[in-house]
Amino acid sequence: MNNFNWDSGFLVDFDTTTGVSKTAKTTQRRLSQMKGMFYDEKHTDKILEKEDPVIYEFYELGCPERAGDLAFGTTILYPGKAGNEYYMTKGHFHTKIDTAEVYYILDGEGYMVMENLKGDTVEMPMAKGQVVYVPRGYSHRAVNIGDKPLILFFTFAADAGHDYGTIETKGYHKIVVEKDGKAAIIDSPRWKEAEV
Ligand code: MN
């Protein structure tokens, strides 16, 4: 869907507190679509017996994937946990791996969890009013550690593409969990098992 004229310019509305747009299209990601990504699969299944919560949604504008254009939109990541692991986005590499991305935090607090193909990891704390620069070569996933939605505005090169598969198979080396009432970065149990 493409309601915007990428060749002559356009205006679009985004609420700076909620991230909601009246004109852009929204896509929702529910817990059932993220099965296997949270390490506590038992608790994930338990939640799913009762409900299938929306973990996050994003507003996108159907930007043509061509060099020179800029894709942009908002992500609304809801608060919550599966087991003790905070709700997060799936995370992805860009298909053109050496393309960066900017995220401006409109509201809430969390982490941008990043990892490159060599296994270098960065967990960047982020809060309202800050901008996270996701460097070239790093996959990226947002994590909401607060008790209200984490609202992000993003922009990236329109022809960067999304690669979910690479990071979906084993997940990130680092995950963000609640420990003693606070957010803590720990080694993913899944990677630990693989190394034993
Ligand atoms: Mn991205």
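Visitor: In this model, are His 92 and His 94 buried or exposed?
Guide: The model is a predicted one, in which local features need pLDDT of at least 70 and side-chain atom pairs count only at pLDDT 80 or more, while totals for chains, interfaces and linings use all residues. Residues are numbered from 1 along each chain as its sequence is written, and side-chain values use heavy atoms, with hydrogens and water left out. Relative accessible area, taken with a 1.4 Å probe on protein chains only, sets the classes: under 20% is buried, over 50% is exposed, and partly exposed lies in between. By this criterion, His 92 and His 94 are both buried.

Visitor: Which residues coordinate the manganese ion?
Guide: Donors are N, O and S atoms within 2.8 Å of the metal (3.2 Å for Na, K and Ca), and the site may look incomplete because water is not among the atoms. Along the chain, the donors follow the spacing H-x1-H-x6-E-x38-H. At 2.0 to 2.3 Å, the manganese ion is coordinated through NE2 of three histidines and OE of one glutamate, namely His 92, His 94, Glu 101 and His 140.

Visitor: Where is Lys 90, and what is its relative accessibility?
Guide: Lys 90 is placed in the loop between strand S5 (85–86) and strand S6 (101–107); strands (E, at least two residues) and helices (H or I, at least four) are DSSP runs numbered from the N terminus. Contact means heavy atoms within 4.5 Å. Setting aside residues up to four places away in sequence, Lys 90 touches several residues, including Arg 29, Tyr 56, Arg 141 and Glu 168. Lys 90 counts as buried, its relative accessibility being 13%.

Visitor: How many residues apart in sequence are the parts tied together by Asp 159 and Lys 96?
Guide: A salt bridge requires a side-chain nitrogen of Lys or Arg within 4 Å of a carboxyl oxygen of Asp or Glu, and the side chains of Asp 159 and Lys 96 meet in one at 2.7 Å, N to O. Asp 159 lies in the loop between strand S11 (150–157) and helix H2 (165–168), and Lys 96 in the loop between S5 and S6, so the separation in sequence is 63 residues.

Visitor: Which strands are joined by the salt bridge of Lys 174 and Asp 187?
Guide: The side chains of Lys 174 and Asp 187 approach to 2.6 Å, N to O, in this salt bridge. Lys 174 is in residues 174–179 and Asp 187 in residues 182–187, so the pair ties together strands S12 and S13.

Visitor: Which residues form the network of salt bridges that includes Arg 66?
Guide: Arg 66 forms a salt bridge with Asp 69, with 2.4 Å between the closest N and O atoms. Arg 66 is partly exposed at 32% relative accessibility, whereas Asp 69 is buried at 13%. The linked residues are Asp 7, Arg 66 and Asp 69.

Visitor: By how many degrees are neighbouring strands of the six-stranded open sheet turned against each other on average?
Guide: Two strands pair if DSSP finds at least two bridges between them, and the 6 strands here, with antiparallel pairing, follow the order S1-S2-S3-S11-S6-S9. S1 and strand S9 (131–134) are the edge strands, each paired on one side only. Axes are lines fitted to C-alpha atoms, for helices over the stretch in contact, and angles run from 0 to 180 degrees between N-to-C directions. With direction ignored, the average turn between neighbouring strands is 20 degrees.
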